[in-house]
Every structure is written in structure tokens, then in C-alpha cells.
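Please look through the structure below with its domains, its core and its backbone geometry in mind. The paragraphs after it take these topics in turn.

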Amino acid sequence: MQDNQVVGIGSGSTIEYAIRRLNERVINENLKTICIPSSYQALRSLQSFESLQISTLDRNPEAYVAIDGADEVDGDMNLIKGGGGCLTQEKIVISCAKKVVIIADYRKDVQKFGQSFNFIPIEVIPMAQRPVLEKISKMFGGKPVLREAKQKAGPLVTDNGNFIIDWFFDKDKDYDWNEVNISLSLIPGIVETGLFIQTAHKVFFGAADGNVTSRGNDKL
Ligand SMILES: O=C[C@H](O)[C@H](O)[C@H](O)COP(=O)(O)O
């Protein structure tokens, strides 16, 4: 990491470790780092570290690197994201970064999607939720369900004021995830999918014993 770099910050529980480590390095190496949060959770977390500067894509539309978590990483380094409902802003921030680094625990390292996580989160405009549920079911099978909020009656509402459909895909089918992603994205009412196809350059997996393995570009 160098001085004055713009860093996209993802969401979830794993990213919290990265934010803490980033803060340590900024303090110890006397660096200035400009962070772009990709969720309200990331924003709040960054706000608790005074040494980390916070910015927006309006001010810094390009990032040197985006660091994020994932719900599953398949053999082609495709990702499922959005378990925490934050996929759309994450995809936007990642799309603005030159390098994308994913951190996850070893259980998320799979050959084929569905081994540890069995649904694709999809952000949808509220008025479209019913027809979108029906279209997904007709087009791809499996079981799409509207995600309910916890400790609030009704559906979960995202940081963007939308709903999330969790599509429990058919684990026995061999999906072409790139095609599925494109087809889903073309359904009116779908804002973004939790399928991140070929977006990660490097993925680090933390093992239970503290060791770290990685996949992807070794130069990162
Ligand atoms: O919506 C949440 C994000 O996509 C997270 O990056 C993903 O769910 C992984 O989260 P965690 O690190 O908590 O497993």
C-alpha cells in the first residue's frame, strides 16, 4: 500500500478485520488513505477510525483497490455476494477499482456454487418483487423468496430503499453463471444481482489454524 491511495471498502463481518488492519498500517506507516464505503455498515465502521479518511465516488470516482468479503468463491473465482444485503453498492465500488481483493474464510472456497451457500441475493425495486419472483422461478427453477427483515415486520429494506430476493437455486443443475447473471440483469425491476462474475483479481482464504491461502494474480 502506498500513500494517498483510494481504497473501496466492502461490507460484512470479514471486512471489519481488513478495516482494522488498514487503520493500523495508516497509523504505523504514517500514510493517508482515502476510503470509499460500499454500505452504511462500512461507513459507520470507517467513522470509528479517525485516521481513515472517508470519501465518495462523486469525489473519487476511481479506486486503486477494492477490498471486500464474499459468501462463496467458485473455481473460476466468481463470487456470490449480498448475504448481508449490500451487493449493489459493492458492485458499483468494485467496478471503479483497478484491483479487487476478496477476503473470506476457508469454508467459502468451493469448486461449484452451492457447497456452503445455496442462494443468490438479488436486489429488486419493491413494486416489481412479485413479477420478478415469478420470472426467476419460470426461467431458472429453484425457489426465489423475498427476504424478510429481522426485528421489523415485513421485507428487508436495503441501503438503497429496495428489497432483496434470495434465489435458492437448484444445486443439481449446472448453471452458466455468466449467462444467468446477464439474463437476471435484463429482468425489469432487478437492480443488481449478487453474482460477481470474474471481478476478483485475488482471493485470500483464512484457515481455521490462522494460515492464509490465496488464489488469483500473484503480482497483487
Ligand atoms: O451483503 C454482504 C456482502 O456482500 C458481504 O461481503 C458478504 O455477505 C460476506 O459477508 P461476511 O464477511 O459477513 O461473511
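What follows is a walk through a predicted model, from its domains to single residues.

The domain assignment divides the protein into domain 1, which covers 5-110 + 197-208, and domain 2, which covers 120-193. Taken over C-alpha atoms, the centres of domain 1 and domain 2 are separated by 23 Å. To the contact between them, domain 1 contributes 13 residues and domain 2 contributes 13 residues. On the side of domain 1 that touches domain 2, helix α3 (residues 87-95) gives the most, with four residues, and the residues of that side divide by class into five nonpolar, seven polar and one charged.

The next topic is the nonpolar interior. In soluble globular proteins, nonpolar side chains tend to be buried together. The largest nonpolar core here has 47 residues, of which Ile9, Ile102, Ile122 and Ile165 touch the most other members. Strand β7 (residues 97-105) gives the most to this core, with six residues. Because domain 1 (5-110 + 197-208) and domain 2 (120-193) both give residues to the core, it lies between them. For one of these well-connected members, Ile165, the contacts can be listed: leaving aside residues up to four places away in sequence, Ile165 touches Ile122, Val124, Gln129, Val132, Leu133, Ile136, Pro144, Val145 and Leu146.

Around the ligand there are 17 residues, and those that come nearest are Gly12, Thr14, Gly69, Gly83 and Gly84. Sorted by class, the shell around the ligand holds three nonpolar, 10 polar and four charged residues.

The backbone geometry remains. Most residues other than glycine have a negative phi, and most peptide bonds are trans. Which sign does phi take at asparagine 30, which is not a glycine? The phi of asparagine 30 is positive, at about 55°, and the residue is placed in the loop between α1 (15-28) and β2 (33-37). Because asparagine 30 has 9 C-beta neighbours inside 10 Å, and a residue with 12 or fewer is classed as exposed, asparagine 30 counts as exposed.

Glutamine 151, a residue other than glycine, also has a positive phi, with a value near 60°. Its place is in the loop between β9 (143-146) and β10 (163-168). Is glutamine 151 buried or exposed? With 4 other C-beta atoms within 10 Å, glutamine 151 is exposed.

Terms used: Residues are numbered from 1 along each chain as its sequence is written. This is a predicted model: local features need pLDDT of at least 70, side-chain atom pairs count only at pLDDT 80 or more; totals for chains, interfaces and linings use all residues. A nonpolar core is a set of buried Ala, Val, Leu, Ile, Met, Phe, Trp, Tyr and Cys residues joined through C-beta atoms within 7 Å. A residue is buried if 20 or more other C-beta atoms lie within 10 Å of its own, exposed if 12 or fewer, and partly exposed in between; C-beta atoms are placed from the backbone. Helices (H or I, at least four residues) and strands (E, at least two) are DSSP runs, numbered from the N terminus. Domain bounds come from an automatic or database domain assignment. Two residues are in contact if their C-beta atoms, placed from the backbone, lie within 7 Å. A residue is near a molecule or strand if its C-beta atom, placed from the backbone, lies within 6 Å of it. Ala, Val, Leu, Ile, Met, Phe, Trp, Tyr, Cys and Pro count as nonpolar, Asp, Glu, Lys and Arg as charged, and the others, Gly among them, as polar.
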